[in-house]
Amino acid sequence: MGRRSRLLHGAALSLLLLAAAAHAQQTDPGDAAALNAVFAKLGQKALPSWNISGDPCTGAATDNTNIDNNPPFNPAIKCECTGGNASVCRVTRLKIYALDAVGSIPEELRNLTALTNLDLSQNYLTGPLPSFIGELTRMQYMSFGINALSGPLPKELGNLTDLVSLSVSSNNFSGSLPSELGNLAKLEQLYIDSAGFSGPLPSTLSKLTKMKTLWASDNDFTGQIPDYIGSWNLTDLRFQGNSFQGPLPATLSNLVQLTSLRIGDIVNGSSSSLAFISNMTSLNTLVLRNCRISDTLLSVNFSKFTSLNLLDLSFNNITGQVPQTLLNLNSLGFLFLGNNSLSGSLPSSVGPMLKNLDFSYNQLTGSVPSWARNSQLNLVANNFGADISSNSALPTGLDCLQRNTPCFLGSPKSSSFAVDCGSDRPISGSDNSLYQPDAATLGAASYYVTGEPTWGASNVGRFMDASNVSSIIYSSHQFLNTLDTELFRNARMSPSSLRYYGIGLENGNYTVTLQFAEFAFPDAQSWKSRGRRVFDIYVQGERKEQNFDIRKVAGGKSYTAVRKQYTVPVTKNFLEIHLFWAGKGTCCIPDQGYYGPAISALSATPNFTPTVRSAAAKKNGSKTGVIAGVVVGVAVLGLVVLAGIFLWRRRQKRRKLSLEQEELYSIVGRPNVLSYGELRSATDNFSPNNLLGQGGYGSVYKVGSSRTYSLEFS
C-alpha cells in the first residue's frame, strides 16, 4: 500500500472514530425529555448551535463556548459528560434569559437534577415558585428576577445548601422571608429588591456570614435593621424604600470592606449619628438619604475616604458647617447635602472631580465662591442675599428661590401658571390654559427660573448605575383619557427630588392640577411591563400622595392620562410642588437606573377673582394688541390698493371705449343725438300712426324728416 493510500485510510479511520465517539456521547434520556418539555411549555426552541442531530448535549453545549452575555446563545444549555467513550451527558446549565417566555414554571424542570446554574430571569413567568425547586440540590446560581411570580417564597429553598447566588427580585411575592434561608451557608449574593416581601428579617439569616452582596430595597421590611448584618462580609448593601425604624445599628461599622452602601427612608424611631461610617474608607458610593441622622459633618474625618465618588446625606438633620476637607476629596464627583440644617458659608475650594453639589434647603449664608462657575450648584432655599442673582457664576433667578426673600412678596404679578413638563414649545390645553415649555436640561444639582419670572424648577439626584438616562422622556403614542394628548408626549423625570415653583402669585386659594401618564412600561406580557414608578407628592409642604403609582391609578395601564387636583393656599405669593422619591419602585426596568418621579404637565388656577392677570394672559394680551393693529393696518392698506386698482382699470376701460368710438365715427360719420323730449315731439308722442314696425333693437318710428329711429323699451 502506498504512502498516500495509508494517509487516506488513516484519516478516514480517524473520522469514523470521532463520529463513533460523538455518537456514543449522548444526553441523559431523562434530561432530554425534561428539556424538551420545558422548552415546549415556555414556547422556546433549541438552537442548532447546541442541538446537533437532535441531541441537546452537542456542539456549543459541550465545548468552551461562553453562554454568558452571548445573545446568539439564548436559550442555551451547558452539559457535563462522564463515562469515557460511552459517556452520558447531563444538563448542568439552562438559560432562558429576557425572551419574554410566558407561563408557569414547568413541572418537568424538577427532573433536571444535575442543574448547577439556572437563569430564567427577565421573562413573564407567573404563578408560584414551586416547592420542588428545593429538589435541585446541586444548584449554585439561580435567578428568577424580573418575572410575575407570586405567593410566598418556598421554604424548600433552604435545601439548596450549595447555593452561592439567588435572585428573586422584581416579582409579586408576598409574606416574609422563610427562616430556612439561614441554611444557605455558602450564599454570597442575595437579590430580593422589589419582590413584595414584608415583616422583619429572620434572625436565622445571621448564619449567612459569607454574604457579599445584598439588595433588599423596595419591600416592606419592618423593625430595625438587624445587628447581625454587621457580621457579614459585605461589599455592597442596599436597604432603601422599606419600613425600617431607627436607629441604624452601630455594628454596621464592622463592614469596613464595603464599597457601596445605600440605606434610606427610615420611617420613624430614634435618630442616628454618622460615627458608624468612620472606618468605611473603601467606600465608592455612600447613600444615607432620609435616615433620621442627627449629627455634624465634622464628626467624620472625610479626608480618609480617598475612593469616595458619590455622597448623599440629604433629607436628614445634619447641622454645622461644610468642612473644607470633604469638598477637597480628589475622587468625589457628586455631593448631595440638601434638606438639612447646614449653616455658615461655603468652602473656598473644591476637588478636581467635584462638579455636582446640592446644598438646597439649608441655612447657608455669605457669598458664592468662584468655583461655582465650573459646577452645577443648587443653592435653592437658603439665606443668601437678594443680590445673589447678580453673580454671573449662577443661573439667574436664585434670589426668587431663597427662604425669606421671594420675588414679588406683597406685590403679585400673576394669578396662574401652567407648564408642559419636558416640552420645547407652548401648547394650548382644552382647559383654556397656555402651557409653557419646560425643555431646560436639569442635571444632578440644578435649578432654573423663567425670564418673567413666573415659575421655576429645581432638580436633585443622580440616576444610579445608569450609563445615560435623560431627565426628559418622550413617546409618540396616542394617550387615552385626555383631550390633550400633546401634553403627554414629553415628561420630566427625576431620580430623587423634583420641585416646581409658582413665583409672584396673588395670595388666595388655588386649584393645583398635576397630570401624569406612564409610558415606560408596555401593556404586554413582557418583562418590561414589570416596572413600577412610585413616588410621593407634596404641595405647599403637605404630603398629598404617598406611594403614588401612575400606572396603578390608571387601572394598570400605560399611555393613560391621570389627573390629580388639590386645593391649596398661597399666602406669601409663592407655591411649591414637590415630587419625592422615597426609595420605592423598581430600579432597573427597562434599563438600569430607571426610577423616580415623572410628571407630564401641571397648572395652578385661582379659586377667586384675581386682581392681576396671569403672565400668559398678559403676554397674550400684548400679542393680541400688536396682531390686531397689524391686521387692521394691513386691511386698510389692502382696501386702498384695491380701490386704486379698480379706479385705474375703470378709467382705462373708459378711455379704450372712447378711442374705439372715435375710430367708428371717423368711418361712418357721427350720428345725430336727440334728447328724449325731441324724440317725443318728432314722433307725435310715439303715435301708432308713425309706427313702422319692429326691428332688432325695438320699435321703429317715422319722424317728420326722412330719418327713422329704432327705440327699445324694456
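How many cavities of 30 Å³ or more does the count come to? The count comes to three cavities. The legends below treat a predicted model, and one of them returns to the largest cavity.

**Figure 1. Confidence along the chain of the predicted model.** The protein has a mean pLDDT of 87. Of its residues, 81% reach a value of 70 or more. Residues 1-23 stay under 50, and in the model this stretch has two contacts beyond four places in sequence. Residues 663-671 are also below 50 in pLDDT. For this second stretch the model has four contacts beyond near neighbours in sequence.

**Figure 2. The largest cavity, with about 320 Å³ of space.** The lining of this cavity is made by 29 residues. Closest to the centre are Gln 240, Arg 262, Met 464, Trp 581 and Tyr 595. Two elements give two or more residues to the lining: strand S19 (285-289) and strand S21 (310-312). Sorted by class, the lining residues of the largest cavity are 11 nonpolar, 10 polar and eight charged.

**Figure 3. The largest pocket, with a volume of about 930 Å³.** This pocket is lined by 35 residues, and those closest to its centre are Tyr 97, Asp 119, Ser 121, Gln 122 and Ser 143. At least two lining residues come from each of strand S3 (88-95), strand S5 (117-119), strand S7 (141-143), strand S9 (165-167) and strand S11 (189-191). The lining of the largest pocket divides into 15 nonpolar, 14 polar and six charged residues. Where does the largest pocket lie with respect to domain 1 and domain 2? The pocket lies between them, because domain 1 (24-100) and domain 2 (417-606) both give residues to its lining.

**Figure 4. The second largest pocket, with a volume of about 470 Å³.** The lining of this pocket has 20 residues. Nearest the centre lie Tyr 361, Gln 402, Arg 403, Phe 574 and Glu 576. The elements with two or more residues in the lining are strand S35 (497-503) and strand S40 (574-580). Strand S40 has the largest share, with four residues. By class, the lining of the second largest pocket has 11 nonpolar, five polar and four charged residues.

**Figure 5. An open sheet of six strands with mixed pairing.** The order of the strands is S29-S30-S28-S42-S36-S39. Strand S29 (427-428) and strand S39 (562-570) are the edge strands, and each pairs on one side only. Within the sheet, strand S36 (residues 508-516) and strand S42 (residues 601-606) are antiparallel partners, joined over six bridges. One place to find this pairing is Thr 511, whose bridge partner in S42 is Thr 605.

**Figure 6. An open sheet of four strands with parallel pairing.** The strands come in the order S4-S6-S8-S10. Why is one side of strand S4 and of strand S10 left without a neighbour in the sheet? Strand S4 (102-104) and strand S10 (172-173) stand at the edges and have a single partner strand each, so one side of each is left free of a neighbour in the sheet. Strand S4 runs parallel to strand S6 (residues 124-128), and three bridges join the two. In this pairing, Val 102 is opposite Tyr 124 of S6.

**Figure 7. Two cis peptide bonds, at Pro 453 and at Pro 590.** Most peptide bonds are trans. The bond from Glu 452 to Pro 453 is cis, and its omega is near -10 degrees. Pro 453 sits in the loop between strand S31 (445-449) and strand S32 (455-460). The bond from Ile 589 to Pro 590 is cis as well, with omega near 5 degrees. Pro 590 is in the loop between S40 and strand S41 (598-599). Strand S40 also gives four residues to the lining of the second largest pocket, shown in Figure 4.

**Figure 8. A positive phi at Ser 170.** Most residues other than glycine have a negative phi. In Ser 170, which is not a glycine, phi is positive, near 55 degrees. Which two strands does the loop with Ser 170 lie between? Ser 170 is in the loop between S9 and S10. Strand S9 is one of the strands that supply at least two residues of the lining of the largest pocket, and strand S10 stands at an edge of the sheet of four strands.

Definitions and conventions. Residues are numbered from 1 along each chain as its sequence is written. This is a predicted model: local features need pLDDT of at least 70, side-chain atom pairs count only at pLDDT 80 or more; totals for chains, interfaces and linings use all residues. Side-chain values use heavy atoms; hydrogens and water are left out. Two strands pair if DSSP finds at least two bridges between them. On a 1 Å grid over the protein atoms alone, a cavity is a set of points where a 1.4 Å probe fits but cannot get out, and a pocket is an open set with protein on both sides within 12 Å along at least five of seven lines; lining residues have an atom within 4 Å of a point. Grid points are joined across faces, edges and corners, and a volume is the space filled by probe spheres set on the points. Ala, Val, Leu, Ile, Met, Phe, Trp, Tyr, Cys and Pro count as nonpolar, Asp, Glu, Lys and Arg as charged, and the others, Gly among them, as polar. Domain bounds come from an automatic or database domain assignment. pLDDT is the predictor's confidence in each residue, from 0 to 100. Contact means heavy atoms within 4.5 Å.
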